[in-house]
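Student: I should like to learn how to read a structure that is new to me. Could we proceed feature by feature?

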Amino acid sequence: MDVATRIEEGRGGFVLFAITPPRQSTPAERLPEIARATVERLEHLDLDGLVLYDIDDESSRNPAERPFPFSPTVDPAEYRSAYLSSWRTPVIVYRAVGKYQREDLRGWLAEQDHRRTLTVMVGASSSGTTAPVTLTDAQALRAEANPRLLLGGVAIPERHSRRDDEHLRLIAKQEAGCRFFVTQVVYDLNATKNLVSDYRYACEERGLAPVPIVFTFSVCGSMKTLEFLRWLGVDVPRWIENDLRHSTNPLTASFEQAAATATELAEFCRRLDVPFGLNVESVSIRREEIEASVELAALLSAQLRSG
């Protein structure tokens, strides 16, 4: 059963792999080669779907200096249609809706095959940003243009720790049509458990069935990568930072921590009867981090299938 069918039925138990398209500065003749290498790297994995991120400049959200300079990437929808047409499973295409004109977004939504494409819509990175299309506008466009296209939303456990209302945001998004949620990278296990628990019981109070929550994991091979995660708003507990900082092999330590967190969250969701999925993201250009991400996806997939 593919990921679209599982989500449509409100079921979890799937594994995804997330990537970013190449940079816009990449020579056009190299794009087919990069896409082919990606497919070859991932095709042996037992994946239920692929995720394509839509990268936006988030400097308006965080005035601090960005650890890595922002570099625009190829539009994920264009990259998928032009270079990843051979990919065999459904693809979840992110849409940073503030980047697009209303009719362009409507046109893309209308032409998608709901059996092959799902989408996660992301609003502006800052409430002070003015954009042609708001997240609310985009959700309504999807309902008008292609109501069968499965819509996902972003879940941020760290925001729940700070404001204690992320579960209510999820419910509002669910009532606006979201059929699944994808978290940002999970490092804080307790914050994530709190969000899942509060969401589960808030749904029960309202007579709603929880929709699948997809937990995202990533390996971290350097302190600069960790610094960038923090810049993006990911809360990394001090004990994890200490482990990585003092480890002779931070990549191995990060891998083990991600695997352990995924295993514990899976058991927690099973106990609460909350449908879930696992997503491994690979956004690094460093070969060792890419290979470790593929290895992590293989491990989590094997564990999920056996559990």
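Tutor: Let us begin with the interior, bearing in mind that this is a predicted model. In soluble globular proteins, nonpolar side chains tend to be buried together. Here the largest nonpolar core has 66 residues, and Phe 215, Phe 217 and Leu 296 touch the most other members. Helix α11 (residues 250-272) contributes the largest share of this core, ten residues. A second, separate core holds 18 residues, among them Val 3, Ile 7, Val 154 and Phe 180.

Student: Which residues does Phe 217 touch, leaving aside those up to four places away in sequence?

Tutor: The contacts of Phe 217 include Ala 258, Thr 261, Ala 262 and Leu 265, as well as Leu 278, Val 280, Leu 296 and Leu 300.

Student: How many disulfides does the structure hold?

Tutor: A disulfide is a covalent bond between the sulfur atoms of two cysteines. This structure has zero disulfides. For Cys 203, the nearest cysteine sulfur belongs to Cys 269 and is 12 Å away.

Student: Are Cys 203 and Cys 220 buried or exposed?

Tutor: Cys 203 is buried, because its relative accessible area is 0%. Cys 220 also counts as buried, at 1% relative accessibility.

Student: What lines the second largest pocket?

Tutor: The second largest pocket encloses about 250 Å³ of space. It is lined by 16 residues, of which Ala 77, Arg 95, Trp 108, Glu 111 and Gln 112 are the closest to its centre. At least two lining residues come from each of α3 (76-83), β3 (91-96) and α4 (102-111). By character, the lining comprises eight charged, five nonpolar and three polar residues.

How values were computed
Residues are numbered from 1 along each chain as its sequence is written. This is a predicted model: local features need pLDDT of at least 70, side-chain atom pairs count only at pLDDT 80 or more; totals for chains, interfaces and linings use all residues. Side-chain values use heavy atoms; hydrogens and water are left out. A disulfide is a pair of cysteine sulfur atoms within 2.5 Å. Buried means under 20% relative accessible area, exposed over 50%, partly exposed in between (1.4 Å probe, protein chains only). On a 1 Å grid over the protein atoms alone, a cavity is a set of points where a 1.4 Å probe fits but cannot get out, and a pocket is an open set with protein on both sides within 12 Å along at least five of seven lines; lining residues have an atom within 4 Å of a point. Grid points are joined across faces, edges and corners, and a volume is the space filled by probe spheres set on the points. Helices (H or I, at least four residues) and strands (E, at least two) are DSSP runs, numbered from the N terminus. Ala, Val, Leu, Ile, Met, Phe, Trp, Tyr, Cys and Pro count as nonpolar, Asp, Glu, Lys and Arg as charged, and the others, Gly among them, as polar. A nonpolar core is a set of buried Ala, Val, Leu, Ile, Met, Phe, Trp, Tyr and Cys residues joined through side-chain atoms within 4.5 Å. Contact means heavy atoms within 4.5 Å.
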